[in-house]
Amino acid sequence: MATVAPRSTGASPPIDAENGVVVGPKELDAGALFVLKSQGSWLQCGYHMTTAIVAPALLSLPFAFTFLGWVGGVIALTLAGMVTFYSYYLLSLVLEHHDRIGKRQLRFRDMAHHILGPGWGRYFVGPLQLTICYGIVVASILLGGQSLKFIYLVTTPNGSMQLYQFIIIFGCLTLVMAQLPSFHSLRHINLASLVLCLAYCACTTSGSINIGHSNQALTRNYSVTSSGINRVFGIFNAVSIIATTYGNGIIPEIQATIAPPVTGKMLKGLLVCYSVVISTFFSVAISGYWAFGNQAQGSVLQNFMVDGKPLLPKWFLLMTNVFTLTQVSAVTLTYLQPANVVLENKLADAKKDVLSIRNVVPRLIARSTTVVVATTLAAMLPFFGDIMAIFGAFGCIPLDFVLPMVFYNVTFKPSKKSLIFWGNTIIAVASTALSLIGAVSSVRQMVHDARTYHLFANM
């Protein structure tokens, strides 16, 4: 377990000068030592968090609004933002508490191990986080391939290339970039990611407004068309989409990149992140739903073309999709980090240099294999979004809405008569119920869509 041992004096903890990681009497494993280097600033922490949350999945927010309407959509988007910010803030307080007592936690499963017990970290939180993050990697590679295909069709309308070919191209790019040794190595990439997400969200918002005001605008209808049980499941499906769009299951790993002392730095990083979150999520959701109403599609960019004909200039569509494509590559690398930690821990020698032949060769083979498998899954299962909806309900909601509340209550033991205890308990219980209902709704949707499924589909 990558927990920094207590210090015997009040002095600053020793730091590995070469790898930049806090060390103590207990040696760190290779995964924590090489991948989770503690060399970053709070601003770089903000870059990492922004990349983990503000991803192209936010382009589905107008679609979520079609199940909720104006009032329900805005309320759900606002509440999810408030709860996740609060949740991540509580998680940062717990992490800072353990750092102050000399037991800095570097991974989500380490927190669960220390706070709830060894079984929780080894058999629940660790596998859950790894599954969700790897699933996001597969979904991101699929999205990257779809973006490449969209660019291809805009420039070559009658082109014959298939989706799986674009997925392989994007997978090759990911394979090369995945060799960056540490999470800290992504700081400049994730700064560029922050700028890119602002760029494609600005393009999406302005494009929606332009179409809404043009003579090509569709007749807008904001009524919720479904009824009965379909409407109920639609509401829960939409809430799950919004909740998982805010998801970030790697807060402890991001905190681990911060150079000590960590007190107060996570909050600053969160403020950077949520300033971007608010400006992008609300602008895309509101403009997209305003322009297309209940005809908003799974990605609002799909509404920019009707029957293969663009509603906006081709150069604008190309620019927007290039921004999206480039940013999703950063998202893919960010969510590869938990898998990289596990692989380094199993295969690397912590006593050798991070760039020694002994460590580089196993890293190259293991990470390349990980990306190849993810690319193969993305090409085989282009309907992976339906599967990820189930993963999101079972994984993102527990990691982001439930466990931070539990960790805080167990660590700080607030009075059972206090508002914070009951507030955390209510959020955890309500989120658990939402997770279960959202999972049922997602399974129902996947069964409904199953008739269109086939391997290597050119969707």
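**Exercise 1. Compare the span of helix H2 with the span expected for its residues.**

Step 1. Helix H2 covers residues 42-53, which makes 12 residues. At 1.5 Å a residue, they should span 16 Å.
Step 2. The end C-alpha atoms of H2 are 17 Å apart, which agrees.
A note on the source: this is a predicted model.

**Exercise 2. Decide how far H2 is enclosed, and find what covers it.**

Step 1. Count the buried residues. In H2, 10 of the 12 residues are buried, so the helix is largely enclosed by the rest of the structure.
Step 2. Name some of them. Among them are Gln44, Cys45, Tyr47, His48 and Met49.
Step 3. Look for the cover. It includes H3, helix H7 (187-213), helix H8 (228-245), helix H9 (251-255), helix H10 (265-292) and helix H11 (314-347).

**Exercise 3. Repeat the span test on helix H3, then locate its bend.**

Step 1. H3 runs over residues 61-100 and has 40 residues. A straight helix would reach 58 Å at 1.5 Å a residue.
Step 2. The end C-alpha atoms of H3 are only 39 Å apart, so H3 falls short of the straight span.
Step 3. Find the bend. H3 bends by about 120° at Gly69.
Step 4. Look past the end of the helix. Just after H3, Gly102 takes a positive phi of about 85°.

**Exercise 4. Search for disulfides and check two cysteines.**

Step 1. A search of the whole structure finds 0 disulfides.
Step 2. Take Cys133. Its nearest cysteine sulfur is that of Cys396, 8.1 Å away. A disulfide needs sulfur atoms within 2.5 Å, so Cys133 is in no disulfide.
Step 3. Take Cys273. Its sulfur is 8.8 Å from the closest cysteine sulfur, in Cys45, which is too far for a bond.
Step 4. Check burial. Cys133 is buried, with a relative accessible area of 2%. Cys273 is buried too, at 0%.

**Exercise 5. Classify two aromatic pairs and place them in the helices.**

Step 1. The whole structure holds 15 aromatic pairs.
Step 2. Phe85 and Tyr274 form one of these pairs, with 5.2 Å centre to centre and 85° between the planes. Planes over 60 degrees apart count as edge-to-face, so this pair is edge-to-face.
Step 3. Phe85 lies in helix H3 and Tyr274 in helix H10, so the pair ties together parts that are 189 residues apart in sequence.
Step 4. Phe85 is partly exposed at 23% relative accessibility, whereas Tyr274 is buried at 5%.
Step 5. Trp120 and Phe124 also form an edge-to-face pair, at 5.6 Å centre to centre and 90° between the planes. Both lie in helix H5 (residues 118-155), 4 residues apart, about one turn of the helix.
Step 6. Trp120 is partly exposed at 42% relative accessibility. Phe124 is partly exposed at 35%.
Step 7. Look for a cluster. Phe65, Trp70, Tyr222 and Tyr289 form one.

**Exercise 6. Describe the surroundings of Arg363.**

Step 1. Arg363 is found in helix H12 (residues 357-380).
Step 2. Its relative accessible area is 5%. Buried means under 20%, so Arg363 is buried.
Step 3. Leave aside its neighbours within four places in sequence. Arg363 is then in contact with Phe34, Gln179, Glu344, Val354, Leu355 and Ser368.

**Exercise 7. Sum up the whole protein.**

Step 1. The protein has 14 helices and 2 strands.
Step 2. Buried residues make up 53% of its 459 residues.
Step 3. Take the contacts between residues at least 6 apart in sequence. Of these, 81% join residues at least 24 apart.
Step 4. The accessible surface comes to about 18800 Å², and 68% of this belongs to carbon and sulfur atoms.

Conventions. Residues are numbered from 1 along each chain as its sequence is written. This is a predicted model: local features need pLDDT of at least 70, side-chain atom pairs count only at pLDDT 80 or more; totals for chains, interfaces and linings use all residues. Side-chain values use heavy atoms; hydrogens and water are left out. Buried means under 20% relative accessible area, exposed over 50%, partly exposed in between (1.4 Å probe, protein chains only). Contact means heavy atoms within 4.5 Å. Accessible areas come from the Shrake-Rupley method with a 1.4 Å probe; for residues, only the protein chains shown count as cover. The bend at a residue is the angle between axes fitted to the seven residues ending there and the seven starting there. Rings of Phe, Tyr and Trp (its six-membered ring) pair if their centres lie within 6.5 Å; planes under 30 degrees apart count as stacked, over 60 as edge-to-face and the rest as tilted.
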